[in-house]
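Open your viewer and get a selection box ready. We will go from stop to stop, choosing what to select and saying what is there.

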Amino acid sequence: MTVLTVAPVPPDEIFALTRAYNNDDYPQKVNLSAGVYRTNDGEPWPLPVVQEAEKQLREDNNIFRHEYTAIEGDIAFLPLARDLMFGFDSQASSEKDAATKARIGTVQTVAGTGANHLGAIFLARHMKPRTVWLSNPSWANHLTIWELAGVPRKTYPYYSAATRSFDFRGMMSTLESEAEEGDVVLLHACAHNPTGLDPSKEQWKSIIDLCERKSLFPFFDSAYQGFASGSADEDAWAVRYVLNEKPQMEMCVAQSFSKNFGLYGQRVGAFHYVLNDGAQDLRDTVVVNLCHLIRGEYSMGPTAGCSIVKKVLTSPELTAQWYDDLKTMSSRIISMRQALYDELVRLGTPGTWKHIIEQNGMFSYTGLTPLQVYALKDKYHIYLLKSGRASISGLSPKNVTYVARAIDKVVRNFN
Ligand SMILES: Cc1ncc(COP(=O)(O)O)c(C=O)c1O
């Protein structure tokens, strides 16, 4: 007899699929489930810039490298993460920049998941939102994170299955008619997971205007900065628009370095709370309260991956090399989208497939049905999420024809 009252919880779909894939000994198996970068040979890719930074760190042999950091994290890392996210020049700072920086409280987190979680529990305690609005669909973990924070969740439409495109009108009209003052609106800064569909700049402006007019609180999740378009500036456009054009708005940003530095298991991230202009005095109190939560949960973020990012972002040469690595990753993904699309068109696969090349970032929301997804796994050993989300980086010149043929077969046979 146990004193616990525990009921089974469904396993995480992505990790369960990866396990099934690892246990599958079929030679042509393909993993399109996990959001991790793979090379043309289907292998992980420790970024060349990361390997160079690791080499330099080994040479530095800093005897403090295993010490505790401050509770808010590695103090030298924090402004680097902030400047990358918000577009400040780390080398030269103007007076205007200094006033804007003073609006931002930053702490290190356990990657993007930890930043989302910290933000959720911080807002739950100190803002007490009645509702958090998540896109439908969204990254599945958003649901868990906000459930654990005890904030009631609602969804706004995001995806139109009929047109396989972003449902801007649905999003706007739901938030307009149903969201209430003080509600949190969770927004994917770029490369929306799972749909790969992002608002245009004009649409972003309307979304932000709506948040401002209705006093809704924007919570940006930035997990793919630089990874989506190859440009760290372009992928931060929406966040920087709010910071610079809406100085009277507050917001927060969960920043991940997992994808853009290929540091998945190192757990590097940051959480930024942006106060409105005039509220700079509150920044230290915000940070102290974030530290209170961090201390009670895990005391401080891990240091190894953060030292790598710090090494890269403090060296102009390594930063330039990082930009090249980002381009390598984003262009390979774009070329794989094109290859899959071309092959489906060549095969005359029923349906339209243009969305595959129009979507952005790591994922494609293929439009395949759960039955077709099941058939891909069962008959062809190709693994993707039940929703039809495919991680494009699992495709390579070696398997894309196999995958396209398999999709062609299941689309024809399982309608
Ligand atoms: C939308 C989104 N947010 C956050 C994350 C968090 O990633 P991590 O915790 O690995 O940094 C991910 C990872 O897949 C994601 O897709």
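## Two domains to colour

Start by colouring the protein chain by its domain assignment, which gives domain 1 (13-45 + 331-413) and domain 2 (68-314). Keep in mind as you look around that this is a predicted model. If you place a marker at the C-alpha centre of domain 1 and another at that of domain 2, the two markers will be 29 Å apart. Now show the contacts across the boundary: 17 residues of domain 1 touch 15 residues of domain 2.

## The largest pocket

Next, turn on a surface and look for the largest pocket, with a volume of about 1300 Å³. To centre the view, select Asp12, Ile14, Trp139, Ala140 and Asn141, which are the closest to the pocket's centre among the 46 residues that line it. Several elements give two or more residues to this lining: helix H1 (13-23), H5, strand E3 (132-136), H6 and strand E11 (363-365). Which of the elements gives the most? That is H6, with seven residues.

Why does the largest pocket lie between the two domains? Domain 1 (13-45 + 331-413) and domain 2 (68-314) both contribute residues to its lining, so the pocket sits between them. Colour the lining by residue class and you will find 22 nonpolar, 17 polar and seven charged residues.

## A helix pair: H5 and H6

Stay with two of the elements you have just met. Select helix H5 (residues 111-126) and helix H6 (residues 140-148), whose axes come within 9 Å and cross at roughly 35 degrees. Rotate until one helix lies in front of the other: H5 passes H6 in a right-handed crossing. Then show side chains. On the H5 side, pick Thr113, Asn116, His117, Ala120 and Leu123; they meet Asn141, His142, Ile145 and Trp146 in H6. The residues of this contact comprise four nonpolar, five polar and no charged.

## The second largest pocket

Move on to the second largest pocket, which has a volume of about 490 Å³. Of its 21 lining residues, Leu57, Asn62, Arg65, Thr303 and Ser307 are the closest to the centre, so to speak your five anchors for zooming in. Add helix H2 (48-60) and helix H11 (304-313), each of which supplies at least two residues of the lining. The largest share, five residues, comes from H11. By class, this lining splits into five nonpolar, eight polar and eight charged residues.

## Two cavities

Hide the surface and go inside. How many cavities of 30 Å³ or more does a search of the whole structure find? The search finds two.

The largest cavity has a volume of about 70 Å³. Select Leu32, Leu340, Thr366, Ala390 and Ile407, the closest to its centre among 13 lining residues. Strand E13 (389-391) and helix H15 (400-413) each supply at least two residues of this lining. Its classes are ten nonpolar, three polar and no charged residues.

For the last stop, find the second largest cavity, which holds about 40 Å³ of space. Show Tyr156, Tyr158, Met171, Leu187, His188, His192, Pro199 and Trp204 as sticks, and you have its lining on screen. Six of these residues are nonpolar, two are polar and none is charged.

Key:
Residues are numbered from 1 along each chain as its sequence is written. This is a predicted model: local features need pLDDT of at least 70, side-chain atom pairs count only at pLDDT 80 or more; totals for chains, interfaces and linings use all residues. Side-chain values use heavy atoms; hydrogens and water are left out. Axes are lines fitted to C-alpha atoms, for helices over the stretch in contact, and angles run from 0 to 180 degrees between N-to-C directions. Helices (H or I, at least four residues) and strands (E, at least two) are DSSP runs, numbered from the N terminus. A crossing is left-handed if the near helix is turned anticlockwise from the far one by less than a right angle, and right-handed if clockwise. Contact means heavy atoms within 4.5 Å. Ala, Val, Leu, Ile, Met, Phe, Trp, Tyr, Cys and Pro count as nonpolar, Asp, Glu, Lys and Arg as charged, and the others, Gly among them, as polar. On a 1 Å grid over the protein atoms alone, a cavity is a set of points where a 1.4 Å probe fits but cannot get out, and a pocket is an open set with protein on both sides within 12 Å along at least five of seven lines; lining residues have an atom within 4 Å of a point. Grid points are joined across faces, edges and corners, and a volume is the space filled by probe spheres set on the points. Domain bounds come from an automatic or database domain assignment.
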